[in-house]
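Welcome! Take a moment to look over the sequence and the 3D view before reading on.

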Amino acid sequence: MTLSPRVRLVLASALMLFVELALIRWTSSNNLYLVHLTNFVLLASFLGIGLGFLRGSTGRDVFPAAPLLLAAVVLFVLAFPVRTGTTRTGAWELQSHFGTAPLPRWLSLGVVFLLVVATLFALAQEVARTFTQFAPLEAYRLDIGGSLLGIVTFAGLSFLRTPPLAWALLAGGAFVLLLGERVRWRRWAPAVGIAAVVLTLGIESFVGPFQWSPYYKIRTGDAVGGNVRVEVNNTPLQTSMTVAQARTNSPFYFFPYTYADKRDDVLVIGAGTGNDVAVALSQGARRVDAVEIDPALVQVGRDRHPDRPYDDPRVTLHVDDGRAFMERATGTYDLILFALPDSATIVTGQSALRLENYLFTTQALERARSLLEPGGTFAMYNYYEPWLLDRYANTVSTVYGTAPCVQLGPTQGNRQQAVLTLRDDASTGGCTTTWTPRVGGLEPSVDDRPFPYLAERTIPAFYLGMLGLVLLASVVLVRWVGGPIGRMRPYTDLFFMGVAFLLLETKNVVQFALLFGTTWAVNAAVFTGVLLSVLAAVEVARRVTIPRPVLLYPLLLAALAVAWVVPGDALLDLAPVPRFVVGVTIAFLPIFLANLLFAVRFKDVGSSTTAFGANLLGAMVGGALEYLALVLGFNALLVVVAACYSLALLTGRKHLRAAAA
């Protein structure tokens, strides 16, 4: 079957983005090192794609090797997983197969990085080869169309909760269509690669009690007493149990009710399989709003929880993000319980984790307090390291103006089970074991810096070392694969545009996560909206002649200034519809203007693949600079964005003047 160049470019671009998204999600479900590095695979993907475009149509065609390279990623990650296990003393530790020690972090991440770079390089070279058959702007337009197809397809598979086998079959079909008869005597190599990916992911998908939600790889297993044990992304999450079993074996479930006189109306955030809901019903709750973000976990609770709490007519289930639910809530509650929603704290080495969590900021706790009935109680619990308990207790104290009640339970290694409670009037309800800080200088997290698992306002040394090695490897690989770096010098402005655009996209993703929740649907909608904004800018550039494109820069900087002046949490007071309209306008106007500038500049470049490669490598650098948010906050990234676009203006003015002429 012979594909037309247009169809080939759209399909190759869709396959490239589809594989990138699949790798980002799948690798982190099997390798907990990647939990610490939220955009590690993304950086590797951008580098690989940039190298593929720099190589373009020159040199050997490596696309037939893409299935084998993808198989190598899959086999390595499955052969050397990193999961959470326990020592003989009950402490948590990272393990591999059969309780053995995992590969050293530098080795595991290094191999994953190089294999992902190689895979995306091979995929991107196919896109670049077809890219050159069109005028630059037309090629970019088709590439964006393919990217939209890729993200919509992956979002659809997430909605259907399909296992990785479905992803592999779709990708394999796309490989077959694109390869056609090009491989000739080498046909066996891509066939072996496709078969290996399909077979391996098929085994993972159906051998063992696994299911895939839009967020996790979920493993369920039988526990004592007919209960079910749940593990997500290779990390134990919870075990269902009856109320009677909880009273005997896990009395901390009842701690929030010790000093809560009122319990008619209860809100449980992080309802999971239903333990906390069942306990609330046993404690006399007449109405329970149970909020759980993951529909698959809810289904496990519906099917297998021994007390069937979700079948009780007093329970209303909400599959939603906890913070988003609170922002939309109109009722009030006697008890609001954060029931282990920060399950990532179970991962060892959490002081190095860069995990955004908008449920534990001062603004979130203030919203929770506003939803309490007079005399109502707020409670939260987990197993905490001492410093993390101090951080959360300090956050509660900051919101209520007094130290919360702390009830301590059993320890697991260096972590101790603890329940924090406080009433809406800042009283403890008679509790005398109030929090006393043990670790100083732990400021509460806020919406602009929602990193509760970072002990200090700094970029951890491990991150700095990793980013330094990534950038060094990038320089070496760009020089080796793409030839002299000087050939990209005419496109320096496009490089800075790439840096700025990645940071701008990151800011918008976290902005919408705050406004509408950190659900997979919100993230998919944001990325789709970004691509639609890009496509709209391309269409305007194709149809409208802009006499002085340099004037787009002050308009862009003005739009960035508005986004900087209006913080994301300022929009939370608006009703949902106005919040959406204002949020979309503030977020996507800079994206549209930035891409209009890019499209006008890109329209007449001499080498579309080299120019696009420079832009993508800039995006990779932007991904590294994204870690500045750990110190400065997300809003400050807009200042960096403005600086990068200013540098793009300084280095690209002559090209814009030429475009205007």
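This report visits a helix, a cavity and a surface patch in turn.

Please keep in mind that the model is predicted.

**A helix inside**

Let us begin with helix α4, which runs over residues 105–131. At 1.5 Å a residue, its 27 residues should span 39 Å, and the C-alpha atoms at its ends are 37 Å apart, which agrees. Is α4 largely enclosed or not enclosed by the rest of the structure? Of its 27 residues, 19 are buried, so α4 is largely enclosed. Buried here stands for a relative accessible area under 20%.

**A cavity and its walls**

Searching the whole structure turns up four cavities of 30 Å³ or more. The second largest of them has a volume of about 140 Å³. Its lining includes F18, W26, L70, W167 and V197. Four helices each supply at least two residues of this lining, as listed here:

| Helix | Residues |
|---|---|
| α1 | 5–30 |
| α3 | 66–79 |
| α6 | 164–179 |
| α7 | 188–206 |

Which helix gives the largest share of the lining of the second largest cavity? That is α1, with five residues.

**A patch on the surface**

Finally, let us turn to the outside. L574, V577, F580, V581 and V582 make a nonpolar surface patch of about 410 Å². One of these residues, F580, lies in helix α18, which covers residues 576–602. F580 has a relative accessible area of 46% and is therefore partly exposed, a term that applies between 20% and 50%.

Conventions: Residues numbered from 1 in each chain as written. Predicted model: local features only at pLDDT ≥ 70, side-chain atom pairs only at ≥ 80, totals over all residues. Heavy atoms only, no water. Expected span 1.5 Å × (residues − 1). Buried < 20%, exposed > 50% of the residue type's maximum accessible area, 1.4 Å probe, protein only. Patch = residues over 30% accessible without salt bridge, like charges linked within 9 Å, V, L, I, M, F, W, Y side chains within 5 Å. Areas by Shrake-Rupley, 256 points an atom, 1.4 Å probe, with all protein chains shown as cover. Salt bridge = Lys/Arg side-chain N within 4 Å of Asp/Glu carboxyl O. 1 Å grid on protein atoms, 1.4 Å probe; cavity = no way out; pocket = protein on both sides within 12 Å on 5 of 7 lines; lining within 4 Å. Points joined across faces, edges and corners; volume = space filled by probe spheres on them.
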